[in-house]
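Subject: Handover of a structure and notes on its contents

Dear colleague,

Please find below the structure that I am passing on to you. My notes on it follow directly after the display.

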Amino acid sequence: MEPEMGQEAAAKEDRNLPEFSKSSALQQAIEVISSLISLSHSIKAFAVKWQLIRNKLEELNSGLIAAENCDTSQNPSLSALIPLIYVTVNECHDLARRCLDLSYSGKLLMQSDLDVIAGKIDTHLRNLSRIYTTGILSQGFAIVVSRPGASACKEDMKFYVRDLFTRMKIGDTEMKKQALINLHEVVVDDERYVKIVAFEVDDVVNLLVNFLGSPEVEIQEGAAKVVSMISGFDSYKGVLIGAGIIGHLIRVLEIGSELGKESSARSLQKLTINSDNAWSVSAHGGVTVLLKICSNGDSRAELIVPACGVLRNLSGVEEIKRFMIEGSAISTFIKLARSKDESVQVNSIDFLQNIAYGDESVKQLIIKEGGIRALVRILDPRSAFSSKTRERALRAIESLFFSSMSSINSLMNYGFVDHLLFFLRIGDVSIQELALKVSFKLSGISEETKRAMGDSGFMPEFVRLMNSKSFEVREMAAEALFSMVSVSKNRRRFVQDDRGVGFLLQLLDQKEANSGFLYIYVKEHMALGMST
């Protein structure tokens, strides 16, 4: 698209434009603008207006620097624009010198001249933006810059990132896509590149943020992947937040591609580890968008898991937690706990445990929505859930439902005690140890739970575990058994089991048992048993 000429057309007729060689025009324009920017810092008069002009000049300079690797002869619009920019910059330089020397004829006239020159620079910026939108650099005319080796110096790495930035800014669509792929590769492989992108090459982050709104799916996805990598480093999160990344990421979650949504959700999960950013997510409507993703039966696990992670991070803010609950978060995540995907199961259970932490009203809501039944079903040995999911479910049951007898009664009605005994007997080592800890806690809650555990057959298992190699396991099993035989029904059952009594007698004869709590428990067991 040809630049809009406006007043510049008249200027071209009134004065001879400078003669440039095609190779030097762009470079000379950059040098003149850089010189003018430096000079403007010394101007004291009309400081506000010069600050505005300086900002525009810096933006213009950045745009021209991005085109240095481009053969301007291949783009007539750019070739025509550069001399016009040069003329405007010279006019601005004349105004700067007069303001510096205080040699202008009147303040009002100078203010008007400064407004006019700012308008001209704005016109150049708009024209340059239109030219770049069309992609003035293509693969056929690009200088190939190889990726520096692992031992490369910092300057070589920065040069490579600047080249990628140029390709992303003014390259055609295919070049933008490839540059994003290359940028993602280097930030994944070497953290030094992340720092260069975030801090040391201007405008790369802003360009990546803008790309999140690109209509080109691959460009949006490529930018989201790079942003996701950067957001994993605490030192650089502030740069992303400062560039307004939150709103753009949520927009991608709403209307982006599946891969773009997944990368955006991962970025938000990392950015919200610090609750300082929670309100920003909420202010952009992110909570509603994330809940919608989690409740959508068509959402992939790769998207649900990080979306759940974001909501879990946000649930630490009381007002946002209440908003989630009003948005049916509890029923949504109880349903997800029954998902066929292990990662979704685990993350949904973690979310429920996290949102209910220290809040009895939320625990009661989870019970009301069927949370007890859903979690106990996961422990059913006949189900197809993994050991990892079962461990999470068992921890959540202990955390959520051991605080009241009504919930414990509901657990027992759904067969929890039998499932717990199964894993105490034959579970994997990790879940067996967890089952012992939960059994130990359950055995100390009430007479009713002790009798139920005695009826189910826990005492022989505790006796067996008292022969474990682990002192912690032996001690916990002994203490649980001691608690259970405090109930007369369990004492009678225990002394009727010759194997249990015989094993305790053996322990009394073993030297290693004659010390510490274990010895005390064994003696107490025998005394209680004999007194029954």
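Which residues form a positive surface patch? The patch consists of Lys335, Arg338, Arg373 and Arg377. Please bear in mind throughout that this is a predicted model. Of the patch members, Arg377 belongs to helix α21, which covers residues 371-379. Arg377 is partly exposed, because its relative accessibility of 45% falls between the limits of 20% for buried and 50% for exposed residues.

Negative charge also gathers on the surface, in a patch made up of Glu58, Glu59, Asp202 and Asp203. Within this group, Glu59 is located in helix α3 (residues 47-65).

Salt bridges

Side chains of opposite charge can pair when their charged atoms come close. Across the whole structure, the search returns 27 salt bridges. I describe some of them here.

One of these joins Lys154 to Glu200, with 2.8 Å between the closest N and O atoms. Lys154 sits in helix α6 (residues 154-170) and Glu200 in helix α8 (residues 191-200), so this salt bridge ties together parts that are 46 residues apart in sequence. Lys154 itself is partly exposed, at a relative accessible area of 42%.

A further salt bridge brings together the side chains of Glu262 and Arg300, at 2.9 Å from N to O. This pair also links distant parts of the chain, 38 residues apart: Glu262 is in helix α13 (residues 258-271), while Arg300 is in the loop between α15 (286-295) and α16 (301-314). How do the two partners stand with regard to the surface, buried or partly exposed? Glu262 is buried, with a relative accessible area of 5%, whereas Arg300 is partly exposed, at 38%.

Elsewhere, salt bridges with shared partners connect Glu318, Lys321, Arg322 and Asp359 into one network.

The salt bridge between Glu254 and Arg251 has an N to O distance of 3.8 Å. Both residues lie in helix α12 (residues 245-255), and they are three residues apart, or about one turn of the helix. Glu254 is partly exposed at 42% relative accessibility, and Arg251 is partly exposed at 46%.

Aromatic contacts

A pair of aromatic rings is described by the distance of the centres and the angle of the planes. How many aromatic pairs does a search of the whole structure find? The search finds seven. Among them is the edge-to-face pair of Phe422 and Phe423, with ring centres 5.2 Å apart and planes at 90 degrees. Phe422 is partly exposed, with 32% relative accessibility, but Phe423 is buried, with a relative accessible area of 6%. In addition, Phe199, Phe233 and Tyr236 make up one aromatic cluster.

Buried positions

Helix α27 (residues 458-465) is mostly covered, as six of its eight residues are buried. Those buried residues of α27 are Phe458, Met459, Glu461, Phe462, Val463 and Leu465.

Ile431, in helix α25 (residues 429-443), is buried as well, with a relative accessible area of 2%. The C-alpha atom of Ile431 is 9.6 Å from that of Arg392, and the two residues are 39 residues apart along the chain.

Backbone angles

Most residues other than glycine have a negative phi, and most peptide bonds are trans. Phe46 and Leu102 deserve a look in this respect. Phe46 is not a glycine, yet its phi is positive, at about 55 degrees. Phe46 is placed in the loop between α2 (25-40) and α3. With 15% relative accessibility, Phe46 counts as buried, because the limit for that class is under 20%.

Leu102 likewise has a positive phi, near 55 degrees, in a residue other than glycine. The loop between α4 (76-101) and α5 (107-133) contains Leu102. Is Leu102 buried or exposed? Leu102 is exposed, since its relative accessible area of 57% is over the 50% limit.

With kind regards

Methods
Residues numbered from 1 in each chain as written. Predicted model: local features only at pLDDT ≥ 70, side-chain atom pairs only at ≥ 80, totals over all residues. Heavy atoms only, no water. Salt bridge = Lys/Arg side-chain N within 4 Å of Asp/Glu carboxyl O. Helix = DSSP H or I, 4+ residues; strand = E, 2+ residues; numbered from the N terminus. Buried < 20%, exposed > 50% of the residue type's maximum accessible area, 1.4 Å probe, protein only. Patch = residues over 30% accessible without salt bridge, like charges linked within 9 Å, V, L, I, M, F, W, Y side chains within 5 Å. Areas by Shrake-Rupley, 256 points an atom, 1.4 Å probe, with all protein chains shown as cover. Lys, Arg positive; Asp, Glu negative; His and termini not counted. Charge placed at Lys NZ, Arg CZ, Asp CG, Glu CD. Phe/Tyr/Trp six-rings, centres within 6.5 Å; stacked < 30°, edge-to-face > 60°.
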